[in-house]
Amino acid sequence: MLRALTRSLSTFKPNNLTNTIAIGKRNMTAAAKLSALRDRMKASDVDVYVVPSEDAHQSEYIADCDARRAYISGFNGSAGCAVITTDKAALFTDGRYFNQAGMQLDLKHWTLMKVGLPDVPTWTEWVLQQAEAGKKRVGIDASLLTATEAKQLMEKLKTKSGELIGMNNNLVDEVWSDERPKRPAQPVFPQPYKYSGQDFSEKVAMIRKELEAKKASGSVVSMLDEIAWLFNLRGDDIPFNPVFFSFALITPTQVTLYIDESKLTEKAKAQLGEDVTVRPYDAIFSDCSVLSDSLKSDGKILITNKTSWALAKALGEKKCEEVKSCIADAKAVKNATELEGMRQCHIRDGAALIEYFAWLEEVLHSGKEIDEVEAADYLEACRKKKEHFAGLSFPTISSTGPNGAIIHYQPEKGSCAVIDPKAVYLCDSGAQYKDGTTDVTRTLHFGSPSLTEKRNYTLVLKGHIAIARAVFPKGTTGYILDILARQFLWRDGLNYLHGTGHGVGSYLNVHEGPPGIGTRISFNETALAPGMVLSNEPGYYEDGQYGIRIENLVTVKEVETPNQFGGKPYYGFETITLVPMARSLIDISMLDSSEIEWLNEYHKEVLNKMKIFFDEEDRTYRWLERETRSFDE
């Protein structure tokens, strides 16, 4: 899954934001919302107002109350930025969302900026163009922009005689008014040692070791998944992500968790014990100011590139030192307990998916109509029966035919399509289990696929196998490996506009940094290391016709090689997702002997680990046996 949000396990239904939203006793159209925002911009003396996607924690997934960009623009994809001037409104997003944004925006009042295409500026470049045209004062909620981004934008605006205004109030919230959803306050509970594999006191000691090495007086932690991992706690404030609204401040002598204390269960309080001071969520800003004032002139506080401008200002920007998050790096490398949990939850998850695909094929072949949402709901029901199930890890992308070409398509009841057995069907789904997180995509065809569909599927499969079989020296990054997945598509003049892989958390966020496989230059900053869990998901999308994506999760492991040039160890991947590939879409003549061997071995493992879940007379067992049959037979 490239990014993601579920229907039935959460009240968050972002597509509800696409037309009009009730504000008080009024229903505001796109034009009315922009007019109300511009009135507030004028009162605040700003010419340009920026509305990012993120919340105060730079979360990819956000709670209803933080869906400001979706509210003001109508576009609810996960990535994008809205910029409003006194007479223009522009929405910036990437190739994953071009189709979706084009359908959701009111194009009479909004301009869709397709970032990545030739001559299309980024939102910051566009803001600079507006400053050059006389719109000099650029406003933004300081809690929604990182300190790094703020500094860079301020410096660029100065060259245009512009100014960046970090605002304490949010103008979109004022337009949203009393209809803005309340901040979630779900219970926070422990993640037991049997799943975490490490006591939180050991993790705090790691941070204090960094403070000592950096000669720093404290470290601010604002990323929600980092806080959940650090304290071995989990929550349910953000859809599909078991995290909770909080901040943390670690000093050499004190650990403070900023959270609504009423959310902590008794077990959570007992786990924290007397070693952790609990303070109100918003007290982080005043406490940061107090800490800053107490420092000597050369004192410093560690922040990361995800720390908000608002927090940096509270600390005193000159007293902040930006460092790479040691928590993010440590969290990305799973310990033995977490790795085993990931393996085990993928076995159970694979059984649920196999049951689902066998059922769906039987339903479609019987001539019964079933829509994309009904199918997704059945899959969720299959997962719910599995041990340790805690929810979905993102909204299921159940997409038939042309809907599959919308990379982050989310079906909605009443407007979704009926699944066409004669078309390509793409299903990207995942779940949260107490012992791990899953994310898997399979593309199937329940009829007779065309030669072109089979060719393109097999090109994607070849790229998937190339990543799965890769061997590389220590120090290699996912940025370097990305070409392995694309090479076969490139030879046909094809490509895909998303990354090849992302990190995955352990009963945490399904998208986890910093490692990844893709063309983002940031993926070249983190070398792949044993214990990391990533997705392997090349794809291809034919607009208006179909989408193809094949996704497994893999773990990085050390492998044996005949030599070790430079004395370096060599690494490879262990595939932990266990679901058959779509036999009917594979053109076996396009695979070489080593690729066929990999596919046969993979299917042998799937069969051996999955058959125990099903009776030999059951339709699911028969489907599993057929789909995993050796291609040598």
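User: Helices (H or I, at least four residues) and strands (E, at least two) are DSSP runs numbered from the N terminus. On that basis, in which strand is the place of P514?

Analyst: The model is predicted, so local features need pLDDT of at least 70 and side-chain atom pairs pLDDT 80 or more, whereas totals for chains, interfaces and linings use all residues. Residues are numbered from 1 along each chain as its sequence is written, and side-chain values use heavy atoms, without hydrogens and water. The residue P514 follows a cis peptide bond from G513, with omega near 0°. Its place, within residues 512-517, is strand β25.

User: How many salt bridges does a search of the whole structure find?

Analyst: A salt bridge is counted when a side-chain nitrogen of Lys or Arg lies within 4 Å of a carboxyl oxygen of Asp or Glu. Under that criterion, the search of the whole structure gives a total of 34.

User: How many residues apart are K385 and E355, which form a salt bridge?

Analyst: In this pair, the closest N and O atoms are 2.8 Å apart. K385 belongs to the loop between α15 (372-384) and β17 (389-392), while E355 sits in helix α14 (residues 336-365). The bridge thus links distant parts of the chain, with a separation in residues of 30.

User: Is E355 buried or exposed?

Analyst: Buried stands for under 20% relative accessible area, exposed for over 50%, and partly exposed for values in between (1.4 Å probe, protein chains only). The partner K385 has 57% relative accessibility and therefore counts as exposed. For E355 the relative accessible area is 13%, so the residue is classed as buried.

User: How far apart in sequence are the parts tied together by E362 and R619?

Analyst: The side chains of E362 and R619 form a salt bridge with an N to O distance of 2.7 Å. E362 is in helix α14 and R619 in helix α19, so the separation of the parts joined by this pair, in residues, is 257.

User: What is the relative accessible area of R619?

Analyst: E362 counts as partly exposed because its relative accessibility is 40%. R619 is also described as partly exposed, and its relative accessible area is 26%.

User: In which helix does R455, the salt-bridge partner of D492, lie?

Analyst: The side chains of R455 and D492 meet at 2.8 Å, N to O. D492 is in the loop between α17 (478-491) and β24 (501-503), 37 residues away from R455. R455 itself occupies residues 451-468, that is, helix α16.

User: What is the relative accessible area of D492?

Analyst: R455 counts as partly exposed because its relative accessibility is 36%. D492 is likewise partly exposed, at a relative accessible area of 33%.

User: Which residues are joined into one network by salt bridges that share partners?

Analyst: Shared partners connect several salt bridges into a single network. The residues joined in this way are D66, R68, D173, R180 and R183.

User: What is the relative accessibility of N232, which has a positive phi?

Analyst: Most residues other than glycine have a negative phi. N232, not a glycine, has a phi of about 55° and is located in the loop between α9 (224-231) and β11 (233-234). N232 counts as buried because its relative accessibility is 5%.

User: Near what value is the phi of H388?

Analyst: H388 has its place in the loop between α15 and β17. It counts as partly exposed because its relative accessibility is 23%. Its phi is positive in a residue other than glycine, with a value near 70°.
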